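Got the viewer open and a selection box ready? Let's walk through this one stop at a time, picking residues as we go.

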Amino acid sequence: MSFLRKYWKKYKWLFLFSISCVAGETICDLIQPQIMARLIDNGVQKMDMQYVINSALLMLGITGIGAVFACVRNYLSSKTSQGFGASMRHDLFVKMQSLPISETDRFEGGSLVTRMTNDVSQFTNFINGLMRIFFKAPITCIGAIFLSISLNVKTAPMVIAIVTVCFLSIGLNMRITYPIFARVQKAIDKLNNTVREYLMGIRLVKAFGRYKHEENRFKDANENLSQQTIKAGRVSAILSPIGNLAANVGVALIVIIGARWVGTGDMQVGQIVAFVTYMSQILFSISMIGNILNTFVRTKASYVRITEVMNINKSEREFFTGDEDAKEKAKDNDIFDNSSIAFDNVGFTYPTSSGECALKNISFSVNRGETLAIIGPTGSGKTTIAALLLHFYKTNEGEIWFGKCPISKLPIYDLRQHVAIVPQTPTLFKGSIIDNLYFGRSDATKEEINTVLEISQAAEFVANLKNGVHTYLGQGGINLSGGQKQRISIARALIAKPDVLILDDCTSALDSITELKVRKGLRDYSENLTCVLISQRISTVMTADKILVLDNGEVSGIG
C-alpha cells in the first residue's frame, strides 16, 4: 500500500475538491423532486401560475448550479485519474528496471506488459469512476431513501426491503465474480504471451510452415479468455437485474398503493411524483454502485498483480542497488582500476530451473589485459559464466572476484559501467545506427565512432548505406543481416570503453577472414582490456592467453 499512499499525498487535494463538487451536485439533484412536489401540490392544483413560474425558475437555477459542479467534477476526476495512472505506470516501469534478472525471469514478458497496460488502465478507470460516480451514488441513494421516507412514513418498510434486496444481490455478485475476474487477468497474460512469442519468432514460424500450429495456440488462448469473460458476465447478468427488478416492483407498488392514499387524503399527487422520482434515483444509484463494485472486483485483481511487482522485498532490491559501504570503498580503493577476474569454487543453479546445477566448482583467473577463451559443448555453462560476471544472478556457492573485491559487494551499476557484453543473439533497438552506438556511451565523439566501426569491420558496409550511420533500423535491426548486426553490437560494446569485454559467441555469423580482422582489431584496441571470449570454434580461441574447457557445467581443462 506504500505506493498508493504516495499517490494519495500527491493528488489528495484534487481528489477532495472533486468529492466536494460531487456532494454539491448530489444536493442539487435531491432538492429537485421536493420542489417538483410543491409545484404540483401548491401551484398546479391550486392554479397559482406565479408559484409555478417561480418554482420552475428555481429548479432551472439549481440545475445550472448542479451542471457547474458536474463540469468541475468531470475535469478534476479525469486530471486526477490520468495523473494517477501515469505515475503508477512510470513507477512500475522503474521498478521493472530495478528488478534482478532472477525476478524478471519469474514474471513472463507478456505478463509484465499486461500489468503495465491493462492492469494500470483498470486502476485508472476505477479512480475516475470513484470520483465521478461512486461517491455520488451512495450519497444520492442515502439522501433519496431519507427524503422518500420523509414524504410519507408508511413507505419506509417498502423502501428498506427494496434497498436490502438490491444490496444483497450486489454482495453476492462480488463474492462470486472476484475469483473469476482473477482468472480473466491470467487468461489475458496467456494470450499476450502467445502473441508476443509468435511476433518474436514470426520468421521461424514462416520458415517451418507452422501456421496451423500457431493458429491453434492462439485459438486456445483466445477461447480461454473468451470463456472466462463470458463466465464472469453470466454471473453478473443473472444477479445484477435482481436489484433493478426489486426497485421497479417497488415503484409499481407505490403508484398502486399511492393512488389509494391520495383517495383517502394520506398522500398528495405531488408527493407521489416526488416519491417515484426518488425511487428512480435510488434505482440508478444502486445500479451505479453495482457497476462500480464490479469494477472494484476487477481492480482488486489488478492491484494484487501490480503489488507483486511493486512489493519486491528489500533484500532483492539491495541485490540490485549494491551495498552503499562497498560503493564508498570502491571509490576509495580504486577497485575498478584492476580488471582482473577470478572464480573461486563457484556453483550456480538457475532460480527457475528444475534444480540441476548449471555450474559446479568453477575456478579460474584472468589477469588484466589477458584474453580468456571459454569453449565447450552446448549447455556446458559458457553463457552462464557471462551472466554471473555481469552479476545478473547471485552465486549459490563460492565467490567471484573483480580485482581484490568480491563481486557481490560491488555496486552493480558501477560494475556494469566497467563490463560490456556482446550477446550471443545481437539485440539492436529501433532507431538509427548511431543511436544504437550511443546506447553504449551517449557522449562518444565522431572519431571514436569511426574507430570502433573500423575495429568491428562495420565501417565498410555502413559507409555503403545510403544514410551511413544515420540509417534507420527497424525493431531488432530487422533490415540488417546477422553478420551486420553482430558487427554493430561489437562496435556498441567497444564505444563504452570497458575494462572487461565479454564476447559471447558473437562472431558466429562472420566468415573466417572477417572474424580474424575483428580479433586483430580487438588486440590492438587496448593493452589493458581484459577479454572473455566464448566460442565453439577452435580457430577463434587459439590465439587466447588462456583456454577454459567446460563440460556439463564443470571445468574439463584449463591452460
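Start by selecting helix H1 (2-44), helix H2 (49-98), helix H4 (109-134) and helix H9 (269-310): each of them gives at least two residues to the lining of the second largest pocket. Bear in mind as you look that this is a predicted model. Which helix supplies the largest share of that lining? H1 does, with six residues.

Now zoom in on the pocket itself, which holds about 370 Å³ of space. Its lining has 17 residues, and to land by its centre you can pick the closest ones: Leu-4, Phe-84, Phe-123, Phe-126 and Ile-127. Colour the lining by residue type and you should get 13 nonpolar, two polar and two charged residues.

**Out to the surface**

Next, select Met-49, Ile-53, Leu-57 and Leu-60, and switch on the surface. Together these four make a nonpolar patch there, with about 430 Å² of accessible area. Click on Leu-60, which sits in helix H2. Is Leu-60 buried or exposed? With a relative accessible area of 59%, Leu-60 is exposed, because the cut-off for that class is over 50%.

**A tour of salt bridges**

The whole structure has twelve salt bridges, so let's visit a few of them. Pick Lys-212 and Glu-215 and show their side chains: they meet in a salt bridge, 4.0 Å from N to O. Both belong to helix H8 (residues 211-264), and because they are three residues apart there, about one helical turn separates them. Check the surface around the pair too. Lys-212 is exposed at 55% relative accessible area, while Glu-215, at 48%, counts as partly exposed.

For a bridge with a longer reach, jump to Glu-448 and Lys-497, whose side chains meet at 2.8 Å, N to O. Glu-448 is in helix H15 (residues 446-455) and Lys-497 is in the loop between helix H17 (482-495) and strand E9 (500-504), so this pair ties together parts 49 residues apart in sequence. Lys-497 is partly exposed, with 49% relative accessibility.

Then go to Arg-519 and Glu-515. The closest N and O atoms of this salt bridge are 3.6 Å apart. You're in helix H18 (residues 512-525) here, and the two partners are four residues apart, about one turn of the helix. Are these two buried or exposed? Arg-519 counts as buried at 14% relative accessibility, and Glu-515 is buried as well, at 2%. Both get that label because buried means under 20%.

Before leaving the charged pairs, select Glu-25, Asp-29, Arg-73 and Lys-136 in one go. Salt bridges with shared partners join these four into one network.

**Backbone oddities**

Turn the backbone on and find His-391, in the loop between helix H12 (382-389) and strand E4 (397-402). If your viewer lists torsions, look at phi: it is positive, about 55°, although His-391 is not a glycine. This residue is buried, with a relative accessible area of 5%.

Gln-457 is another stop of this kind, in the loop between H15 and helix H16 (459-464). Its phi is positive too, near 60°, in a residue other than glycine. Look at the surface here and you'll find Gln-457 partly exposed, at 24% relative accessible area.

**Two distances to draw**

Select Phe-343 in strand E1 (residues 341-348), a buried residue with a relative accessible area of 3%. Draw a line from its C-alpha to that of Val-366. The two are 23 residues apart along the chain, and the line should read 9.1 Å.

For the last stop, head to Gly-403, in the loop between E4 and strand E5 (405-406). Gly-403 counts as buried at 15% relative accessibility. Now zoom out and add Gly-270 to the selection. How far apart in space are the C-alpha atoms of Gly-403 and Gly-270? The answer is 90 Å, for two residues that are 133 apart in sequence.

How values were computed: Residues are numbered from 1 along each chain as its sequence is written. This is a predicted model: local features need pLDDT of at least 70, side-chain atom pairs count only at pLDDT 80 or more; totals for chains, interfaces and linings use all residues. Side-chain values use heavy atoms; hydrogens and water are left out. On a 1 Å grid over the protein atoms alone, a cavity is a set of points where a 1.4 Å probe fits but cannot get out, and a pocket is an open set with protein on both sides within 12 Å along at least five of seven lines; lining residues have an atom within 4 Å of a point. Grid points are joined across faces, edges and corners, and a volume is the space filled by probe spheres set on the points. Ala, Val, Leu, Ile, Met, Phe, Trp, Tyr, Cys and Pro count as nonpolar, Asp, Glu, Lys and Arg as charged, and the others, Gly among them, as polar. Patches are made of residues with over 30% relative accessible area and no salt bridge: like charges are joined within 9 Å, nonpolar side chains (Val, Leu, Ile, Met, Phe, Trp, Tyr) within 5 Å. Accessible areas come from the Shrake-Rupley method with a 1.4 Å probe; for residues, only the protein chains shown count as cover. Buried means under 20% relative accessible area, exposed over 50%, partly exposed in between (1.4 Å probe, protein chains only).
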